[in-house]
Amino acid sequence: MSEIIKQNDEKIMTKITKDLTHHLTTRPLGFKLWIGFLLTFIAVAIWAYGIQFEKGLGVTGMRDYVSWGLYIASFVFFVAVALVGMLISATVGLLKQKWIVPVSRVAEMIALAFVLMAGVIIVVDMGRPDRLLNVFIYGRFQSPIIWDITVVQVYILISFLLLFLPMLPDLAIIRNHMKGDLPKWQWKMYNILSLGWVGTPQQYKILHSTVRVLLILIVPVALGIHTVTSWLSAMTLRAGWDSTIFGPYYVTGAFVAGAGAVAVALYFIRRFYHLEEYITDYHFDKLGQLMVLVALVYLYFNLNEFWVPGFKMKTADAKHLHTLFSLHGEYGVMFYLTQMFGLILPIIFGLFRRFRKPFPMMIIGIALVVGAWFKRVIIIIPTLIHAYLPIQNVPESFHEYDPTGIEITITLGVIAVAVLIVSLLAKFFPVIPIWEIAEEKGVDIERDL
Amino acid sequence: MSQEITPEATSRRNFLKRFGITLGAASTVSGLGLLSACTNDDEMVSLLTTDGKTVQVPKSQMKIDLKKMEERGREGLPGKKFVMVIDLAKCRNARKCMAACQGAHHLKPEQHHINVLRMENDKRTGFYFQPKPCMHCDNPPCTKVCPVDATFKRQDGIVLIDNERCIGCRFCIAACPYSARVFNWSEPKYVEGDDDRVYDIELNVPQKKGTITKCLFSADRLRIGKLPYCVSACENGVYWFGDANEDAVTNGTSKETTRLSTLLEENAGYTLMPELGTKPSVYYLPPKDRLFKYNYDAETDDWMKLHDKEAEAKS
Amino acid sequence: MKKSILNIIGLISISLMIAASAQAQWKIDDGLKDAKLKVDYNEDNITAGKAIYDSRCKACHRDIVTTEKNDRALPSAPNLGNKEFQSTNTDGEIFCKIAYGNGGGMPPFEKQISDVDKWKVIAYLRSYYPAYKVSSASAQVAAPVNSFKGTLNAIKLSYDSENNMIVAQLSGQDGDGNTVKPKGVKVSIYVKRYFGELPLCDGEKTDANGMLSIPLGNLPTDTMGFIMLKASAANNAVSTESKLKVSDGYHWKNPLDGRHLWAVRAKTPLWLLITYLTVTISVLAIIAWAFFQLFRIYNLRER
């Protein structure tokens, strides 16, 4: 009897393993072109940064009044998307939702890539990146920037651990079964990274308890990272930023952006790696429901954020609202498009099961991510244009913000690096946890790898 | 050319220390460092010791000590609390203050430590001119957010910037509600001699690319008992400056000194945006009984256009 | 480069000002053209006029010095003590110039200074013009500055702690060499402040005992309780500088002493420091523990 069970287990394992690791062995032309394209763009962006490093930040469109621009908006965007790690793994995972099993690793990959880029783009925005060490030598405990750096670094470590730890059994499987199928260097990599995992009950116990602790820890840390990021704006006295609810406003917005990013990533991974059996319509349905839920909460915060000052129309607030809500305002068109395509329409479409399917979800996901980036632009820049005191005795260009080509190139370049990291991670590591799927299918993984 | 350790030499060293200058090690040990000192064309500098003697020191042996400048700059002047009073009734947009400031601090025309704004509270109230320096707040929002202590408040109330430390994150610009800070977005304006100048934290010269700059209440002038550049340059009697602990402010134009408390009480002095809680150190006297008919001409009075013309005329 | 920019700015402003003053339109009322001083030309009015001049005119016209011609170039306001101005303008013309301005550098004070006050200012201006003829029979010629005839020897300053007054004591001799107490001599006392000298009194007269007492009020001292005073009498015939102890001083509290959110790192509020360190160290400890677990897993690699 046990023989039959063991044979059955083996068959299942072999199938699962083959399905989920097949993409590790292939080198399709499409992938090479994609990586090549990303690398080329990144190279151009690095060259553009070289210009900025030499000439100074004056090569961007930022000036003394709009002193923060695309870089800081993108920083907020990166931190926002990075929160998906917490959203999927911890919130949904701790609630024992089974459907996240194939989704959680992709979420962690995205989280790690984007939070790393958050750190990068902050350095890009610095006027004196050569003095980066000053932050660590002279850091002030009272500064929100120091708090931000602390939480970002902690979040990087936790995201890395939550990506790597649950991957150990998978790495062991690959090490054990796929020596012949892989180039030597690649197999060696899995071998080293697997840390000699053999799957003893003791090892599993350590794995489970550590992951559980980290999943609990990541909740306050992730809430912290985006609340502190919101404080970069909310701790100032400016209209449009001086809001008591900026913390939850940012956090809920982050969930929306993250859900969109995961939807996009899942679609393409599923498609290119032929994982339709594992990432099914059911998963997109659930993801869609989650997306609608977080988007509704974000909509609630948006309402508060605009209607409350709108009712009162304090002078400074009125100027800010005019910029956003009037089609004649500098950011009126962008505001309406962003809210419509980045929030309202996704909610409406998401309510219908028809659209909670892979392809529509991917489109909605793209709208959410692009909308999220523009929403951060809308949060950061209009407030800076309208300071309390009039802008006078300066060139015309100081009254508005016109991002330059170099600035846009560098920003897109950093985004490209994030996408590159996700692409490489998804290509060279099993995106769906083999052992967890096996467990689901009843395989006794402790006995058989 | 050996230097002996004489009482003279010691007092000379102490004297120079007050000005942040230390003599090179060569001066304290006879025989060492001769090579640098014994060039024929080594310029000699005359210095006065504390006991009134004049000594000649080779220029090559004098180093303005960056560290000492920073230390004393961060410390400030004990016992003082500097305040400025701006009489809006007298300002007629002459902007000599802006020009003097930009000259002293090696600023470009669009960079303002002090900016004279044309203010109009309401369509019915007419306009007036309001010079706006840094407020040197007692609850400064800018120093709160700086991640590296590159901007800080010192004991005499002045909020200074250390451009050897600033990392250019521009959080302080975002935090200041008075828009008092500006940034060196590209290579700063080059003034003859900037290459050799040691950075003076109290003057913020030479300017550095990628760092912040702002009004310092001319801390370098205050240290030697002089009024700030803008205060001294004004011809219309707009600025009063002094030490609130002595309850005295001096007018930059007439050099008259008066009691700060009297001036503020009699004229109902106020500060800008007090509800923000920043506790500014700059007081304004209301633009009452303004004597001048303001024929403000946007064309001829445009600061940038004026300075573009100068640059054109020069080239 | 800086120099030539300043030159050009100077040139442009000067030409604008000259242009403005070339167009300067003085408006003289026919009725006042030949008018004479409408207040008595006496000590009190001159003193009152000086006070008004100091507060309303001095900012632009600076000090008045008797000169032949105006020694200040445009665009500076002229020195009103210059004899050319004084001789070519009647009292009434000066009155109109004060009242209506010239549409350029000189603003109109019509409503800002009362008519009586304007005349008092004119009286003060005239006190710098030796050739001034007072027309009115009842007007008195300006009394000489000092009613004291003799020589002043010294002026001494002291502090009357009971009444909180600064006391200036003059000593002098009459024409015969007898020691006298100079009466009615004008004394000026200044307190030294960091950027300038604060007037305690300017031109007040000594009493019969040759003494002048000025209430000190609540003038701040240095931390030891001292103030530095400068006094002079009779247009600097005698002068002195004294450092007087007028109070016990005070303890200067360094505003950087406390812990604040806006202070440097060393002065960060303790609650913040403790919170930050506790949270950060705890979280990092857990992460370190997690990395250690990886190490444990590695150690269990043999089945």
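## Where chains A and B meet

In this predicted model, chain A brings 35 residues into contact with 38 residues of chain B. If you would like to find the place on chain A, start with two helices: α6 (132-138) and α7 (144-164) are the elements that each give two or more residues to the side touching chain B. Helix α6 of chain A supplies the largest share of that side, with four residues.

What kinds of residues make up this side of chain A? They divide into 18 nonpolar, eleven polar and six charged residues.

## The largest nonpolar core

Next, look at the interior. The largest nonpolar core holds 236 residues, and A:Val84, A:Ile110 and A:Val262 have the most contacts inside it. Helix α11 of chain A, covering residues 246-272, contributes the largest share of this core, namely 16 residues.

A:Val262 is a good residue to pick out on screen. Leaving aside residues up to four places away in sequence, A:Val262 touches A:Val84, A:Ile88, A:Val103, A:Val106, A:Ala107, A:Ile110 and A:Leu287. Two of these partners, A:Val84 and A:Ile110, are also named among the residues with the most contacts in the core.

## A second core

There is also a second, separate core, made of 16 residues. Among its members are C:Leu80, C:Ile94, C:Cys96 and C:Ala123.

## The domains of chain C

Chain C can be followed as domain 1 (23-126), domain 2 (151-245) and domain 3 (265-299). How many Å separate the centres of domain 2 and domain 3 of chain C? Taken over C-alpha atoms, the separation is 68 Å.

How values were computed:
Residues numbered from 1 in each chain as written. Chains lettered and ligands numbered in written order. Predicted model: local features only at pLDDT ≥ 70, side-chain atom pairs only at ≥ 80, totals over all residues. Core = buried A, V, L, I, M, F, W, Y, C linked by C-beta atoms within 7 Å. Buried ≥ 20, exposed ≤ 12 C-beta atoms within 10 Å, placed from the backbone. Contact = placed C-beta atoms within 7 Å. Nonpolar A, V, L, I, M, F, W, Y, C, P; charged D, E, K, R; others polar. Domains from an automatic or database assignment.
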